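Here are a few friendly notes to read alongside the structure. Keep the 3D view open and look for each element as it comes up.

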Amino acid sequence: MAENLSGTVGPEQQFKNFLSEGKFMIQRCKSLNKFFFHPRVAFPGSGERDLEWVEASGNGEVYSSSCNRRLPEKGGDFNLSLITLEEGPRMMARVEGIDPDKVEIGQKVKARISSLNGEPAVIFDIV
Amino acid sequence: MDQNDINRLRGKTAVVGLAESGCGLASGWSAMEIMASAVHDALDDAGIKLKEVDGVFAATAFHSMAAMSLSEYLGVKPKFADGSQIGGSSFLSHILTAAMALDAGLINVAVVAYGSNQKSAGGFKTISEAMPYEAQYQPRMPVTAYALSAKRYMNEFGATREDLANVAVSARDWALLNPRAYTHQDGPLTVNDVLSARPIVDPLGKLDCCLVTDGGAAVVMTRSDRAKDTKNTPIYLLGAAMEHHHRMISEMPDLVKTSAIESGKRAFSMSGYKPNDMSTIQLYDAFTINTLLFLEDLGFCKKGEAKELVKNNNIGPAGNLKVNTNGGGLSCVHPGMYGLFVTLEALRQLRNASGDDVGQRLNGGWIDNAKLSVAHGNGGVLSSQVTNIWGVSDTL
């Protein structure tokens with residue numbers, strides 16, 4: 001029941017709090033034994049609410065990738081990819097440590113927690 | 001309710017007036033002024049007085065409550081209004097809602113409208129909130145989303161940037177025949193022009209992306225019994241359907257399959273016609289990848305085969321498929337949300353073929369004997385998909 005939410009925080013803030021603690025956590029529905037992302041109050045599509053947080057393996061694969069062109073004085077080109085996690089869900093992230101236009105679909109990647117603009121962020125490296 | 005109950009809307013309503021306003025550059029004009037000008041012109045075109053309007057439908061990137069703001073500006077007190085905002089396809093869904101409200105007897109005359117001064121006001125305009133779980137990575141939305149789809153499409157089907165470029169080349173060829181098109185005087189494009197244009201978000205370059213212009217548009221709808229007594233050729237709404245599966249590109253179930261598969265299937269089913277029956281095909285081409293995806297998802301070819309379909313200028317003026325005959329969002333007009341312009345072109349082609357004067361085109365710009373048009377709208381990041389099927393009276 002969620003009639004009174006005071007004194008608690010929602011899944012989005014919980015996710016961010018975990019990141020601040022250095023943990024990349026994703027949700028799993030216990031009855032369905034399925035992971036999902038992004039964080040929600042119930043399993044998308046069928047509404048189960050028996051959820052738990054599980055630390056992600058961090059293993060993933062590039063589902064698609066783009067090289068976002070940006071002037072050097074504004075930080076230069078950067079990569080933006082969609083990553084399919086080993087657990088099944090997909091998320092947006094950057095792949096770093098490689099030229100931003102050299103990230104290819106199907107490449108194996110590994111997550112680490114870094115920061116973007118002062119906020120903790122999940123970033124991936126090519127394995 | 002089964003499909004038969006929904007299909008009772010088939011042919012029950014029609015567009016009897018249309019107009020565009022301020023397309024291209026309209027410095028010194030507000031989005032509302034452009035939108036309201038289009039409404040008045042569309043009513044003039046229909047021969048219907050403003051005081052008869054009792055249904056108002058609008059969405060913009062400038063007004064959080066566009067239907068209310070437009071009604072107030074016009075001095076109309078609508079009995080039903082809808083400002084649903086599902087991105088660039090909003091207007092094609094407004095047309096469905098207007099048809100429902102007209103058929104239910106809630107209203108008698110509906111206007112569906114859009115207006116934007118984004119170009120003269122400084123560039124692409126959005127009132128979208130930042131997407132949680134995406135914004136911190138600073139995607140260049142909406143281009144990044146379409147680039148991610150294009151990259152995946154190329155990988156899955158062996159498509160190339162040349163295949164994407166073919167779409168832009170054909171769109172420009174249509175624009176060269178259309179004096180209303182923003183690039184009408186710009187001359188043809190080559191595949192090489194598209195490939196060598198400034199990269200924006202790889203694999204998409206500047207000429208894979210739509211124009212950024214000002215512009216407004218409006219259509220006037222009535223029930224069909226009244227429509228046949230107006231001064232223009234009524235164009236009947238034969239089918240309409242919508243679906244969406246995601247808001248954020250990271251949540252799109254499959255980057256190469258849009259929910260146009262579902263909206264198209266239901267809209268065509270309602271109309272009683274098939275994709276190949278369409279005289280003209282108007283697709284929301286905010287980016288070159290869109291045209292490939294929608295040709296496939298609406299059933300003009302199998303998944304992965306659109307790259308063959310668009311070769312040799314087959315979707316250009318001399319080709320077999322009459323796609324985006326105004327020049328599209330790529331080469332005609334794109335004031336931020338393009339859905340009503342897809343609709344206008346679908347309707348204009350049918351009215352011209354029926355003998356109405358809806359403007360001049362160079363030879364080949366109007367499709368002879370056009371009787372059926374599909375207008376397909378896209379919104380968000382390949383998110384909301386809405387398909388409308390339009391036909392002249394003998395297709396009823």
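1. Let's begin with how much of chain A is tucked away. Of the 127 residues in chain A, 28% are buried. Please keep in mind throughout that this is a predicted model.

2. Next, the overall extent. If you follow the C-alpha trace of chain A, its span along the principal axes is about 50 × 30 × 25 Å.

3. What secondary structure does chain A have? You should find 1 helix and 8 strands. The order along the sequence is α-β-β-β-β-β-β-β-β, with the helix leading and the strands following.

4. Now consider contacts inside chain A. Taking those with a separation of 6 or more, 50% are between residues 24 or more positions apart.

5. How many residues does each chain bring to the contact between chain A and chain B? Chain A contributes 21 residues, and chain B contributes 19 residues. On the chain A side, four strands each supply at least two residues: S4 (59-68), S5 (78-85), S6 (90-96) and S8 (119-126). By type, the chain A residues touching chain B comprise 9 nonpolar, 6 polar and 6 charged.

6. Finally, zoom in on strand S4 of chain A, one of the strands that supply residues to the side touching chain B. S4(A) is joined by 2 bridges to strand S5 of chain B, residues 199-202. Do these two strands run parallel or antiparallel? They run antiparallel. To find the pairing on your screen, look for Cys67(A), whose bridge partner in S5(B) is Asp202(B).

Conventions: Residues are numbered from 1 along each chain as its sequence is written. Chains are lettered from A and ligands numbered from 1 in the order in which they are written. This is a predicted model: local features need pLDDT of at least 70, side-chain atom pairs count only at pLDDT 80 or more; totals for chains, interfaces and linings use all residues. A residue is buried if 20 or more other C-beta atoms lie within 10 Å of its own, exposed if 12 or fewer, and partly exposed in between; C-beta atoms are placed from the backbone. Two residues are in contact if their C-beta atoms, placed from the backbone, lie within 7 Å. Ala, Val, Leu, Ile, Met, Phe, Trp, Tyr, Cys and Pro count as nonpolar, Asp, Glu, Lys and Arg as charged, and the others, Gly among them, as polar. Two strands pair if DSSP finds at least two bridges between them.
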